[in-house]
Amino acid sequence: MKQIYLKKGKEESIMRFHPWVFSGAIQSMDEGISEGDIVDVISYNGALVGRGHFQIGSIAVRILTFTDETIDEGFWNKRLSVALKMRQDIGIADNPDNNTYRLVHGEGDNLPGLVIDCYGDTAVMQAHSVGMHMCKDVIVKELVKVMGSRIKNVYYKSETTLPFKADLSQENTFLYGGTNDTVALENGLKFRVDYLRGQKTGFFIDQRENRSLLEKYSQGKKVLNMFCYTGGFSFYAMRGGAELVHSVDSSSRAIELTTENVNLNFPDDKRHVAYCEDAFKYLDKAGNNYDLIILDPPAFAKHRAALRNALKGYTRLNMKAFEKIKPGGIIFTFSCSQVVTKDNFRNAVFTAAAQAGRKVRILHQLHQPADHPINIYHPEGEYLKGLVLYVE
């Protein structure tokens, strides 16, 4: 096993089970280490402190184990089995009303760089590191064993998630099985998953519980779903008894999927209209007709250098919503940017409320669901922030 040697004192975060080794912590490394290799991480005084995937970049090693544990078929089987058991224990897996859930959430499941989402009998797998990409075949083999009859297909969707500089030329493809059936079930509602061309693995599973909460607030409301993507919040609002639902997204493909998903659950329902338009332009011309507005934009900041502009974007977007919402209205507002902290986001929304001159109260503070667990030793895993606001 090739080794990477740390500078003095740089093993402390790893001894506290943080799963990342940053490039600046490295004193030296053996010759011939390639990106994606499994390496041992050695402290300044010669002790093994971790074993993981090496990668070129600021995060140099993603730790798979903090002990002298062999990374073989048994390792992958054990980690996947533990991940499934947790989903079973919390009632998300093997639920007849819900066959959609995240099985593996990277660092949250002690498998940094790996995401696996389940949609019915299809698992969609993403590698976010070269090491996980290189292990994909053995992972799929053990995944099929662990899941048994639960899955019949595994689709590998890492074309856009692997490090660009690695130049792996990966194409999305089925690694096991193959299917044209893309309809899944979430809390009794049907939706079509575009895991071939869609964002993430095809659907934003991380908003499941927040969509359920929105349903409870939708009775008799006029609802605006901004950045609707495939319309998740829209069809929950309709089941909740909304008077009308308007879905807005700048992507024509997203609008097609939203319309299709609404029709799967509420065929020919005239309460829903979808608009393909830029969010800011739509809000500029929108009247003060909405009782409930959802703001769930894509990540405004994917790295710290973009944080300042991102916070300005969140402030501008929320201010427009505050200006448009009816008195007594409710706003669901979110940030999925990992580099934006809860305090950053709340301050941006606070600034927007003050600039709009509205009295605003926080009803709920929202976050990612239980199948997107946060490793207690890796607080960076808490990426989804949300607020439900009552606006006088």
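In which loop is Gly106 found? In this predicted model, Gly106 belongs to the loop that connects strand E7 (100–105) with strand E8 (114–119). Its relative accessibility is 5%, and since buried means under 20%, Gly106 counts as buried. Once neighbours within four places in sequence are set aside, the residues in contact with Gly106 are Leu111, Pro112, Gly113 and Leu114. A distant part of the chain may also be noted here: Pro373 lies 267 residues from Gly106 along the chain, and the C-alpha atoms of these two residues are separated by 9.1 Å.

The description now turns to the sheets. Six strands form an open sheet with mixed pairing, in the order E2-E6-E5-E4-E1-E3. The edges are occupied by strand E2 (20–22) and strand E3 (26–29); each has a single partner strand, so one side of each is left without a neighbour in the sheet. From one strand to the next, the twist averages 35°. At the E2 edge, the partner is strand E6 (residues 59–65), which runs antiparallel to E2 and is joined to it by three bridges. Within this pairing, Trp20 has Arg62 of E6 as its bridge partner.

Between the sheets in sequence comes a helix that can be checked against ideal geometry. Helix H4 (residues 136–147) has 12 residues, which at 1.5 Å a residue should span 16 Å; the end C-alpha atoms are 16 Å apart, so the two values agree. The buried residues of H4 are Lys136, Ile139, Val140, Glu142, Leu143, Val144, Val146 and Met147. Gly148, just after H4, takes a positive phi of about 55°.

A further open sheet has seven strands, ordered E16-E15-E14-E17-E18-E20-E19, again with mixed pairing. Here the edges are E16 and strand E19 (360–367), and because each has a single partner strand, one side of each is left without a neighbour in the sheet. Neighbouring strands of this sheet are turned against each other by 15° on average, direction ignored.

At the E16 edge, strand E15 (residues 244–249) and strand E16 (residues 272–276) run parallel and are joined by five bridges. In this pairing, His246 stands opposite Val273 in E16. The connection between the two strands includes helix H7 (residues 252–265), and E15, H7 and E16 together make a right-handed β-α-β unit. H7 packs on the sheet, where it touches E15 and E16, and its direction makes about 170° with that of E16.

Elsewhere in the seven-stranded sheet, strand E18 (residues 329–335) pairs with strand E20 (residues 385–391) in the antiparallel sense over seven bridges. Ile331 has Leu389 in E20 as its bridge partner. Helix H10 (residues 342–356) lies across E18, E19 and E20, and runs at about 25° to E20.

Which elements do the buried residues of helix H9 pack against? They pack against helix H8 (279–285), strand E17 (292–295), E18, H10, E19 and E20. H9 (residues 307–324) itself has 18 residues and reaches 26 Å from its first C-alpha to its last, close to the 26 Å expected at 1.5 Å a residue. Its buried residues are Leu307, Ala310, Gly313, Tyr314, Thr315, Leu317, Asn318, Lys320, Ala321, Phe322 and Lys324.

How values were computed
Residues are numbered from 1 along each chain as its sequence is written. This is a predicted model: local features need pLDDT of at least 70, side-chain atom pairs count only at pLDDT 80 or more; totals for chains, interfaces and linings use all residues. Side-chain values use heavy atoms; hydrogens and water are left out. Two strands pair if DSSP finds at least two bridges between them. Helices (H or I, at least four residues) and strands (E, at least two) are DSSP runs, numbered from the N terminus. Axes are lines fitted to C-alpha atoms, for helices over the stretch in contact, and angles run from 0 to 180 degrees between N-to-C directions. A crossover is right-handed if, with the strands pointing away from the viewer, the path from the first strand over the helix to the second runs clockwise. The expected span of a helix is 1.5 Å times one less than its number of residues. Buried means under 20% relative accessible area, exposed over 50%, partly exposed in between (1.4 Å probe, protein chains only). Contact means heavy atoms within 4.5 Å.
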